[in-house]
Amino acid sequence: MRLTVSIFVAVCLAVVLLVGIVDFPEFGAANNPAHNEVMEKYIEEGVKETGAVNLVSGMILDYRAFDTFIESIVFFTAVISVFAVLKGGKIL
Amino acid sequence: MTIIIQNVVRLIVPFILMFGAYVTVYGHVSPGGGFAGGTILAAALILERFVGINRKWSLNKSTCLKGVSFSLVGYGILKGIAFLEGAMHIELIHWPLGQPGALFSAGIIPLLNILIGLVVMMAFVLLFDLFNEDLAGEDH
């Protein structure tokens, strides 16, 4: 019974997700929504605005710095989760 | 571990640490950055723990937890100030962008890179210590 229910739920979820994919724009097409003026602005003015020659660094630590902030909070959360689950909530 | 492995590790760990620091500090000039550099630093420290070397300056768990927390708070404050400056057009602290390509350039990006490197290094070392301690406790 549980197996049947779980297979049914999994198939339903898969169908919903696949239906969502159908409307996606074609991969790599020139007029995709991702290819807009933001990309050109980053490439042309990224070095001038951030001062970093490594554009990836300028991207993740200037334009998207809060994204990186939350990414590093993930490490903190991992550590705290280990304390909470394996150490019974005892910190050190 | 045998004394051969211990001596070899003792010899190469400073060079690995130096390379990790280089990757972190030069993150805005060359490929790399805080995540990659911090992982290299953590790998060096974990290598020492694997072969059973105990150095005086080796990070303990309390220092690691404090380092992770303070680095995250520092990142939030630094970037928060920069964000508010840009959004409200005020010049609270002026961060000069400098000459692109120089070591001291790009405003607060090098500082943020170093803080990210500290977070990644200390979090990995702390996780390794936690699991390592549990395994050692079960053996004896």
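Two residues are in contact if their C-beta atoms, placed from the backbone, lie within 7 Å. The structure shown in the legends below is a predicted model.

**Figure 1. Surroundings of B:Leu41 in helix H2 of chain B.** B:Leu41 belongs to the helix that covers residues 34-51 of chain B. Apart from neighbours within four places in sequence, the contacts of B:Leu41 are B:Leu17, B:Gly20, B:Gly117 and B:Met121. B:Leu41 counts as buried because 25 C-beta neighbours lie inside 10 Å, where the cut-off for a buried residue is 20 or more. B:Leu127 lies 86 residues from B:Leu41 along the chain, and a distance of 14 Å separates the two C-alpha atoms.

**Figure 2. Helix H3 of chain B and the residue that follows.** H3(B) comprises 28 residues. From its first C-alpha to its last, H3(B) reaches 40 Å, close to the 40 Å expected at 1.5 Å a residue. Which residues of H3(B) are buried? They are B:Cys64, B:Val68, B:Ser71, B:Leu72, B:Tyr75 and B:Lys79. An α-helix has 3.6 residues a turn, so residues three or four places apart point the same way. Just after H3(B), the backbone of B:His89 adopts a positive phi of about 55 degrees.

**Figure 3. The side of chain B that touches chain A.** Chain B contributes 32 residues to the contact, and chain A contributes 23 residues. On the chain B side, helix H3 (61-88) and helix H4 (109-139) each supply at least two residues. H4(B) provides the largest share of this side, with eleven residues. By class, the side of chain B that touches chain A consists of 18 nonpolar, eleven polar and three charged residues.

**Figure 4. The fold of chain B as a setting for the close-up views.** Chain B contains four helices and zero strands, and its elements follow the order α-α-α-α from the N terminus. The radius of gyration of chain B is 18 Å, well over the 14 Å given by the globule rule for 140 residues, so chain B is more spread out than a compact globule. The C-alpha trace of chain B spans about 60 × 30 × 20 Å along its principal axes. Of the 140 residues in chain B, 29% are buried. Among contacts in chain B between residues at least 6 apart in sequence, 72% link residues at least 24 apart.

**Figure 5. Confidence of the prediction along chain A.** Chain A has a mean pLDDT of 85, and 97% of its residues reach 70 or more. Among the elements of chain A, helix H1 (residues 2-22) has the highest mean pLDDT, 93, and helix H2 (residues 37-50) the lowest, 82.

Conventions
Residues are numbered from 1 along each chain as its sequence is written. Chains are lettered from A and ligands numbered from 1 in the order in which they are written. This is a predicted model: local features need pLDDT of at least 70, side-chain atom pairs count only at pLDDT 80 or more; totals for chains, interfaces and linings use all residues. The radius of gyration is taken over C-alpha atoms; the globule rule is 2.2 Å times the number of residues to the power 0.38. A residue is buried if 20 or more other C-beta atoms lie within 10 Å of its own, exposed if 12 or fewer, and partly exposed in between; C-beta atoms are placed from the backbone. Ala, Val, Leu, Ile, Met, Phe, Trp, Tyr, Cys and Pro count as nonpolar, Asp, Glu, Lys and Arg as charged, and the others, Gly among them, as polar. pLDDT is the predictor's confidence in each residue, from 0 to 100. The expected span of a helix is 1.5 Å times one less than its number of residues.
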